[in-house]
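I sat down with this one to see how the chain is put together and what a few chosen residues are doing. These are my notes, in the order I looked things up.

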Amino acid sequence: MTGNHRNSSITRRRALVVTGGTVAAGGIAVAGYQSAFADTTDTAEATATASATSTGACMTLMSSVTEGPYYLDGALVRKDITEGKSGVPLTLRLTVVDATDGCTPVKGAAVEIWHCDAWGYYSGYTTANPGGSAPAESEDGSTANDNTYLRGYQIANANGVVKFETIFPGWYTPRTCHIHVKVHTGGEKEDGTYEGGTVNYTGQLFFDDTIAEEIFALEPYSQHSGSYTTLDDDMVYDGGGASSGLLTLKAVHKADPSKGYKGSLSLAIDPDAENTGAGSGGGGTPPSGAPSGEPPSGAPSESASPSASASS
């Protein structure tokens with residue numbers, strides 16, 4: 001697979017480095033990964049966080065980037081966001097820490113994610129052409145609600161950790177494989193979604209090219225053919241590794257990638273800052289006549305269907 005042209009105007013947008021002692025971003029990400037997938041999750045997470053804090057070690061602020069053209073308000077608070085969409089399973093654990101306070105956990109932070117399906121389609125924008133050659137989104141045979149699939153919130157526990165059950169995203173022209181993410185604080189859960197507060201971080205999560213291309217050779221991803229953009233050629237990823245959103249990935253079964261992956265990352269934010277990502281360009285072109293930033297009409301409430309049920 002070959003990469004597309006890079007948009008250099010946004011690839012070097014970086015957040016300010018936290019003043020004081022810092023270590024490489026990957027250090028805390030590794031600690032977060034080890035704790036997130038331990039059998040005794042809560043104890044291990046607390047130990048890893050305490051260790052990082054006691055040494056005074058922290059990390060740079062995450063690089064904030066565009067929210068992209070496919071954002072919608074009103075995502076549901078829930079752990080499983082698949083709604084029946086087919087694809088390679090992905091368990092995602094994200095740890096929100098305060099980069100201005102020794103990487104202490106940000107309890108109660110609301111982490112919101114959204115991403116495309118295996119063929120490159122987003123809910124709410126299902127007529128947008130993902131580029132290359134792909135079946136129509138309606139041909140996937142899933143039970144997904146076209147306005148809500150692969151979108152959701154989770155509220156961070158005492159260790160700053162959230163967990164999502166989803167699928168490995170596909171791709172669309174001209175972007176590499178990615179997941180969008182926002183971190184909110186100060187709001188509250190209301191009517192099955194998250195209301196109020198401040199968006200402290202807007203970013204994207206990225207996947208190793210080798211793993212992504214291995215996944216895209218599998219069904220149903222392989223039905224989308226065309227020119228996949230690699231990390232080096234992506235218009236948003238700036239090569240910064242974990243601090244730029246590169247996930248740590250572990251195969252559930254090394255010999256069979258179709259069994260799924262576990263992905264993890266620590267998100268170092270400033271809870272006193274605001275960064276919505278709105279109006280910052282890049283991320284692909286939205287389809288004409290598509291909704292922008294408003295909850296889709298007829299979107300189910302939390303109690304409307306099993307797929308919309310909340311889970312902590």
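Before the sheet, a note to self: I call two strands paired if DSSP finds at least two bridges between them. Also, this is a predicted model, so what follows is computed from predicted atoms.

**Entry 1: the open sheet**

I went for the sheet and found four strands in the order β4-β3-β6-β9, forming an open sheet with antiparallel pairing. Which strands stand at the edges? They are β4 (151–155) and β9. Each has a single partner strand, so one side of each is left without a neighbour in the sheet. I also looked up the turn between neighbouring strands here, and the average is 20°, direction ignored.

Then I took the pairs one by one. β3 and β4 pair over five bridges, in the antiparallel sense. In that region glutamate 112 stands opposite tyrosine 153 in β4. β6 and β9 are antiparallel too, and I count eight bridges for them. Histidine 184 faces valine 199 of β9 there. Although β9 is an edge strand, I noted that eight of its nine residues are buried.

**Entry 2: the nonpolar cores**

General reminder: in soluble globular proteins, nonpolar side chains tend to be buried together.

The largest nonpolar core here has 43 residues. Which of them touch the most other members? I got Leu94, Val111, Ile113, Phe168, Leu205, Phe216 and Leu267. The elements that each supply at least two residues of this core are β1 (89–98), β3 (110–114), β5 (161–167), β6 (178–185), β9 (198–206), α3 and β11 (261–269). There is a second, separate core of 14 residues, with Tyr70, Tyr71, Ala110 and Ala128 among its members.

I picked valine 111 for a closer look. Setting aside neighbours within four places in sequence, valine 111 is in contact with Leu94, Val96, Gly152, Tyr153, Gln154, Val162, Phe164, Val181, Lys182 and Val183. Leu94 is thus a contact of valine 111 and also on the list of core residues with the most partners.

**Entry 3: aromatic pairs**

I searched the whole structure for aromatic pairs and got 13. I wrote down two of them.

Tyrosine 70 and tyrosine 125 are edge-to-face, with 5.1 Å centre to centre and 85° between the planes. Their pair links distant parts of the chain, 55 residues apart: tyrosine 70 is in the loop between α2 (41–54) and β1, and tyrosine 125 is in the loop between β3 and β4. Are these two tyrosines buried or exposed? Both tyrosine 70 and tyrosine 125 are buried.

For phenylalanine 168 and phenylalanine 207, the ring centres are 4.5 Å apart and the planes are at 45°, so I logged the pair as tilted. Here the two residues are 39 apart along the chain, with phenylalanine 168 in the loop between β5 and β6 and phenylalanine 207 in the loop between β9 and α3. Phenylalanine 168 and phenylalanine 207 are both buried. They also belong to one aromatic cluster with Trp171, Phe216, Tyr221, Tyr228 and Tyr261.

**Entry 4: histidine 224**

Where does histidine 224 sit? I found it in the loop between α3 (209–216) and β10 (248–251). Its relative accessibility is 5%, and my cut-off for buried is under 20%, so histidine 224 counts as buried.

The side chain of histidine 224 reaches two backbone oxygens: that of glycine 131 at 2.7 Å and that of tryptophan 119 at 3.2 Å. Beyond its neighbours within four places in sequence, histidine 224 is in contact with Trp119, Pro130, Gly131, Gly132, Ser133, Ala134 and Trp171. Trp171 turns up again as a member of the aromatic cluster.

**Entry 5: serine 244**

Serine 244 is in the loop between α3 and β10 as well. It is buried, with a relative accessible area of 6%. I checked serine 244 against leucine 61, which is 183 residues away along the chain, and their C-alpha atoms are separated by 9.2 Å.

**Entry 6: the whole chain**

Last, the overall tally. The protein has three helices and eleven strands, and from the N terminus on they run α-α-β-β-β-β-β-β-β-β-β-α-β-β. Of the 312 residues, 52% are buried. Among contacts between residues at least 6 apart in sequence, 81% join residues at least 24 apart.

Methods: Residues numbered from 1 in each chain as written. Predicted model: local features only at pLDDT ≥ 70, side-chain atom pairs only at ≥ 80, totals over all residues. Heavy atoms only, no water. Buried < 20%, exposed > 50% of the residue type's maximum accessible area, 1.4 Å probe, protein only. Polar contact = N/O pair within 3.5 Å; in protein donor to acceptor, adjacent residues only side chain to side chain. Contact = heavy atoms within 4.5 Å. Core = buried A, V, L, I, M, F, W, Y, C linked by side-chain atoms within 4.5 Å. Axes fitted to C-alpha atoms, helices over the stretch in contact; angles between N-to-C directions. Phe/Tyr/Trp six-rings, centres within 6.5 Å; stacked < 30°, edge-to-face > 60°.
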